[in-house]
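Visitor: Please take me through one part of this model in close detail. Set the scene with the chains, then settle on a single side chain and what surrounds it.

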Amino acid sequence: MTSSQNPLWRFPGLQAIIWFFFAFLYVPIFVLVALSFNKNDAATLWTGFTFDWYRVVLENDNIVRAAQNSLIVALSATAVSTVLATAAALGMAGRRFKGQNVFNALVGLPLLVPEIVTAVASLLFFLSLGIPLSLVTVIIAHIVFCTPFAYLPIRARLEGLDPRINEAAADLYSSPLRAFWRVTLPLLLPGILSGAMLAFIISLDDFVITFFVAGAGATTLPVYIFGMIRIGITPEVNAVSSLLLLLSIAVVTLSYFLGQRGAAHSS
Amino acid sequence: MNSSIVISNVSVIFGGGANAVKALDQVSLEIAQNEFFTLLGPSGCGKTTLLRCIAGFEIPSTGSIRLDGVALEGLPPFKRPVNTVFQSYALFPHLTVAQNIAFGLQERRVAKAEIERTVGRMLELVKLSGYGARKPAQLSGGQQQRVALARALANSPKVLLLDESLSALDLKLRQDMRLELKRLQRDTGITFVFVTHDQDEALTMSDRLAVMRSGQVAQIGTPSQIYDHPRSKYVADFIGDTNFLSGIVRDNRLETQSGFVPIPADLPQGSKQTVAVRPERLRLVSDGGDLRSRITQIVYMGNETMYHLEGDMRVRVPNNAGATPQYALGAEVGLVVPLSAVQPLEDAS
């Protein structure tokens, strides 16, 4: 796209709008990260550089436990939802049946349902079944809402594959199981990895649903940060948030490069 | 005939109830050992379905397919001693060329050293030595096509199935690959079953071909049998360019609107009859001729000239440097119809 072809580029004040947009998006994050290195504990006044707040965070048992919980939840939810999503995508591939569109819509619907609705519904579900709230209920809830996120890239990848590839494997003496291991799975792997990364990030960041279905001692990092904020914004909050941001960026970057490699394969 | 494949009464029905479609309708044919056999027809005629029945990707609703005397019923594709070259090639994009070619041999647990030897031999056979370490995406369409061939041939199948395998290539490459395929078939001695909608491919490569129409075999024969002696209007029309002349049989001649055409002696007197005559078998003359007509269009085509005549007739005249007289648009001309060029048709009257 060049400026001469797209008339939108000649819209007056466009540059200012773009700058404003990006500033609004990224300046707060930049300020948050910067303030996490601020010596002054009145979070808004810069008085010097320090790593102290990170030390404070790592020495705070509650934060460390919340981080552990977050990782346990995210890793379990990612593992289970990715397997479920892969199975669903494989089951949906290469066939047409009545109600297929309904199925697709039902798989994707959780992406559109307001999170607070899912949160309340999940809470009611657990309570009505008499399941005590704990880390397990958090994991179950996370598996449920992570599955559609994992499903989308896997399904997209699968639809991009030549349907004759499986027949080619069968033609070359591969039983269905062998064909899956030697052909389908390796070709699907980039999609599965991006699906898993997406599920991981979504689970790690989730606040609303977790807040509702977490039992005592099942506090995750976002929920803990929310608790800290209610007392006041301290550099400690900034430091925890920055660490969470760093982890998210690392996972997203990894997912991006794995996706690139996958795209290079199939072109 | 030393038959490699015997197909008897094979029907394939897709869907059920009111929407059921007969993709194949009681097809029977035999394919000889080491034969280059072509299934020719327009899309939807069932040729690919028949190929997929042999490969095992479709299960016939009725009938049987035998390969070297062994019934294939109940054998899944991965247990059949046939290999397929797919229209889209269906190469494994995550494997190298060499790994693609080795795939079938590995699945059959052939010894490593022998796999290496075979892969080398196959790369040589399809003229891709030195390309073994590349990925399919790094090859041109023609090269991918040859990898697909090598991958199938590496397993020394009893039968090689080719599904519209040349249609994705451009014209020049396609013509080269025709010769290449024919050479491979002769060199390997493997039975080739080739599916195409391209009559030129069918005529130039096949030992025999079957022309198919809506799930049935319209005619089977050698290319010259099919081209020179089409039995039906459908076959005559599908293969090459044809003039159809209709009239009444009188005194061993066909009385048409524009004159009398000689016909074989065994046709019943007084019956309505249609015959097919290839445009290149007709001869234009100024005076006389069996038929009289008028030139309505002249199309210069380089090596020959196509004259369109009144009464929906076409004559092709080779352009050999002034040896043939030129006719003007609108001129009245005579047509000489040799008896040997006249092919009576069974189905049309």
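**A buried arginine and its surroundings**

Guide: In chain A, which has 267 residues, 39% of the residues are buried. Bear in mind that this is a predicted model. Its scores are ipTM 0.83 and pTM 0.81.

Chain A first, briefly. Its secondary structure is 11 helices and zero strands. Read from the N terminus, the elements go α-α-α-α-α-α-α-α-α-α-α. Its C-alpha atoms occupy a box of roughly 70 × 65 × 30 Å along the principal axes. Take the contacts between residues at least 6 apart in sequence: 73% of them connect residues at least 24 apart. The accessible surface is about 15,300 Å², and carbon and sulfur atoms supply 73% of that area.

One helix of chain A serves as a sample. H10 covers residues 221-231, and its buried residues include Leu221(A), Ile225(A) and Met228(A). Pro222(A), Val223(A) and Tyr224(A) are buried there too. An α-helix has 3.6 residues a turn, so residues three or four places apart point the same way. Right after H10(A) comes Gly232(A), with a positive phi of about 150°.

Now chain B, where the close look takes place. Its average pLDDT is 90, and 97% of its residues reach at least 70. Eight helices and 20 strands make up its secondary structure. Of its 349 residues, 50% are buried. The C-alpha box is roughly 75 × 50 × 40 Å along the principal axes. For contacts between residues at least 6 apart, 66% bridge at least 24 places in sequence. About 15,600 Å² of chain B is accessible, with 49% of this surface on carbon and sulfur.

The residue to settle on is Arg278(B). It sits in a loop of chain B, after strand E14 (272-277) and before strand E15 (283-285). Arg278(B) is buried, yet it has no salt bridge. Which side chain of opposite charge is nearest to Arg278(B)? It is Glu280(B), 5.4 Å away. A salt bridge needs a nitrogen to oxygen distance within 4 Å, so that pair does not qualify.

What does the Arg278(B) side chain reach instead? One partner is the backbone oxygen of Asp241(B), at 3.2 Å. Another is the side chain of Thr242(B), in a polar contact of 2.7 Å. Set aside the neighbours within four places in sequence, and the contacts of Arg278(B) include Ile226(B), Tyr227(B), Pro230(B) and Ala236(B). Ile239(B), Gly240(B), Asp241(B), Thr242(B) and Asn243(B) are on that list as well.

Asp241(B) deserves a second look. Its backbone oxygen is reached by Arg278(B), while Asp241(B) also forms a salt bridge with Arg314(B). The closest N and O atoms of that salt bridge are 2.9 Å apart. Asp241(B) belongs to the loop between H8 and strand E11 (243-250), and Arg314(B) to strand E18 (residues 313-318), so the salt bridge ties together parts 73 residues apart in sequence. Arg314(B) is also a buried arginine, at 14% relative accessibility. Unlike Arg278(B), which has no salt bridge, Arg314(B) has a carboxylate partner in Asp241(B).

Arg314(B) has a further partner. Asp312(B) forms a salt bridge with Arg314(B), at 3.6 Å between the closest N and O atoms. Asp312(B) is exposed, with 62% relative accessible area. Thus Arg314(B), itself buried, bridges to an exposed acid.

Step back to the segment around H7 and H8. Arg231(B) lies in the loop between helix H7 (223-228) and helix H8 (233-238). Its side chain meets that of Glu346(B) in a salt bridge of 3.9 Å, N to O. Glu346(B) comes in the segment after strand E20 (343-344), and the two residues are 115 places apart. Here Glu346(B) is exposed, at 63% relative accessible area, and Arg231(B) is partly exposed, at 38%.

Over all chains, the salt bridges number 27. Shared partners join some of them into one network of Arg164(A), Glu167(A), Arg52(B) and Glu58(B).

To sum up the close look: Arg278(B) is buried without a salt bridge. Its side chain reaches the backbone oxygen of Asp241(B) and the side chain of Thr242(B). Asp241(B), in turn, is salt-bridged to Arg314(B).

Key:
Residues numbered from 1 in each chain as written. Chains lettered and ligands numbered in written order. Predicted model: local features only at pLDDT ≥ 70, side-chain atom pairs only at ≥ 80, totals over all residues. Heavy atoms only, no water. Helix = DSSP H or I, 4+ residues; strand = E, 2+ residues; numbered from the N terminus. Buried < 20%, exposed > 50% of the residue type's maximum accessible area, 1.4 Å probe, protein only. Lys, Arg positive; Asp, Glu negative; His and termini not counted. Polar contact = N/O pair within 3.5 Å; in protein donor to acceptor, adjacent residues only side chain to side chain. Contact = heavy atoms within 4.5 Å. pLDDT = per-residue confidence, 0-100. Areas by Shrake-Rupley, 256 points an atom, 1.4 Å probe, with all protein chains shown as cover.
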